[in-house]
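Me: I should like to discuss the packing and the open space of the structure shown here. Please reason from the coordinates in each reply.

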Amino acid sequence: MIKENIAAIREKMTQACLACGRDPKSVLLCAATKMNDAERVKEAVRGGVDCCGENRVQELTQKQPLGAYEGVPVHFIGHLQTNKVKQVVGKVDLIQSVDRPELLLCIEKEAAKQNVVQDILLEVNIGNEESKSGFTKEAVMDIAANMGNFPHCKLKGLMAIPPICTEENGNCKYFAEMYQIFVDITAKKYDNVDMVCLSMGMSDDFADAIAHGSTMVRVGTAIFGARNYNK
Ligand SMILES: *Cc1c(COP(=O)(O)O)cnc(C)c1O
C-alpha cells in the first residue's frame, strides 16, 4: 500500500512539475512520519521518498535507533521545545520548524557545544494565525539578514503550513507569498544563507504548492493513510 501510494504521489508531483515547466527532479518528497512506527517508515524509505520528517522528539528518539530512516536524511518538522533541543541538534539533517528567536538561539548554542553546523529552515506563519507559531514575513527577513550571528546554524530556506483550507486552490495565495519571500531573501545573498529549500505543500495541496515554487512537499496521509489519534 505505502509503496503504491508513493508511486501515485510521485506521478502527481511529476505532472504538477511538467504543467508549469519545472524539472520533476527539482521537488523532493518528504514523508511526514508522525504516528507511524519504524517498520512503516522503513517501508516508505524503500518506497522511494527523499527524506523523512518527524514531528515529535519522542518519536524521533524511538525510531532512529531502530534504523527507521536509514538510507535517507531525517528532518525535524514539529514544534520544538527549547528543553528538547539537545535531543535534536546533530541528530537530524535539517530542522525545518525554527519558529521563534529563542529557539534559533538555543539551537545555535547547542550546535556550538557539539561543534557542529546545524542546517535549518525558518518557519513562516504565512496566514498570520494566532494558533500557529512561526515568524511574520518581516521577522523572517530580519533573521535572514542576521544569520551571520549564528555561525553554528546554516539557513537553507523556508517552511510554511498555511491555514486549513477547504476551498479548491485556497492556499495558492499563501504559496505565492511564500515564494516571493523566498526569492527576496535569495536575492540578498546574505551571509550564512543558502536558499535551496522551500518546504510547502501537504497531502491535499502539494500540486498547488509545486505550481508556486515549492522544492519540498511534506506528505503524511497520502502515503500512510489517515492517522488514528485514538491508538
Ligand atoms: C503531519 C504534517 C504534514 C503532513 O500532513 P498530511 O496532511 O498528513 O499530508 C506536513 N507537515 C507537517 C509539519 C506535519 O506535521
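Me: Which helices and strands do the buried residues of H5 pack against?

Reply: The model is a predicted one. Helix H5 spans residues 137-145. Its buried residues pack against two helices and three strands, namely helix H4 (101-114), strand E5 (118-124), strand E6 (153-160), H6 and strand E7 (193-199).

Me: Why do the buried residues of H5 lie on the same side of the helix?

Reply: The buried residues in question are Val 140, Ile 143 and Ala 144. An α-helix has 3.6 residues a turn, so residues three or four places apart point the same way. The buried residues lie on the same side of H5 because they cover an arc around the axis of only 100°.

Me: Which helix gives the largest share of the largest nonpolar core?

Reply: This core has 47 residues, and Ile 95, Ile 120, Leu 122, Met 147 and Leu 158 have the most contacts inside it. Beyond its neighbours within four places in sequence, Ile 120 touches residues including Leu 94, Ile 95, Val 98, Leu 104 and Met 147. The largest share, 6 residues, comes from residues 172-188, that is, helix H6.

Me: How many residues does the second, separate core have?

Reply: Among its members are Ile 9, Val 27, Leu 29 and Phe 206. The size of this second core is 17 residues.

Me: Which element gives the most to the lining of the largest pocket?

Reply: The largest pocket, with a volume of about 820 Å³, is lined by 35 residues. Helix H7 (206-211) and strand E8 (216-219) each give two or more residues to that lining. With 3 residues, the element that gives the most is H7.

Conventions
Residues numbered from 1 in each chain as written. Predicted model: local features only at pLDDT ≥ 70, side-chain atom pairs only at ≥ 80, totals over all residues. Heavy atoms only, no water. 1 Å grid on protein atoms, 1.4 Å probe; cavity = no way out; pocket = protein on both sides within 12 Å on 5 of 7 lines; lining within 4 Å. Points joined across faces, edges and corners; volume = space filled by probe spheres on them. Helix = DSSP H or I, 4+ residues; strand = E, 2+ residues; numbered from the N terminus. Core = buried A, V, L, I, M, F, W, Y, C linked by side-chain atoms within 4.5 Å. Buried < 20%, exposed > 50% of the residue type's maximum accessible area, 1.4 Å probe, protein only. Contact = heavy atoms within 4.5 Å. Arc of directions from axis to C-beta.
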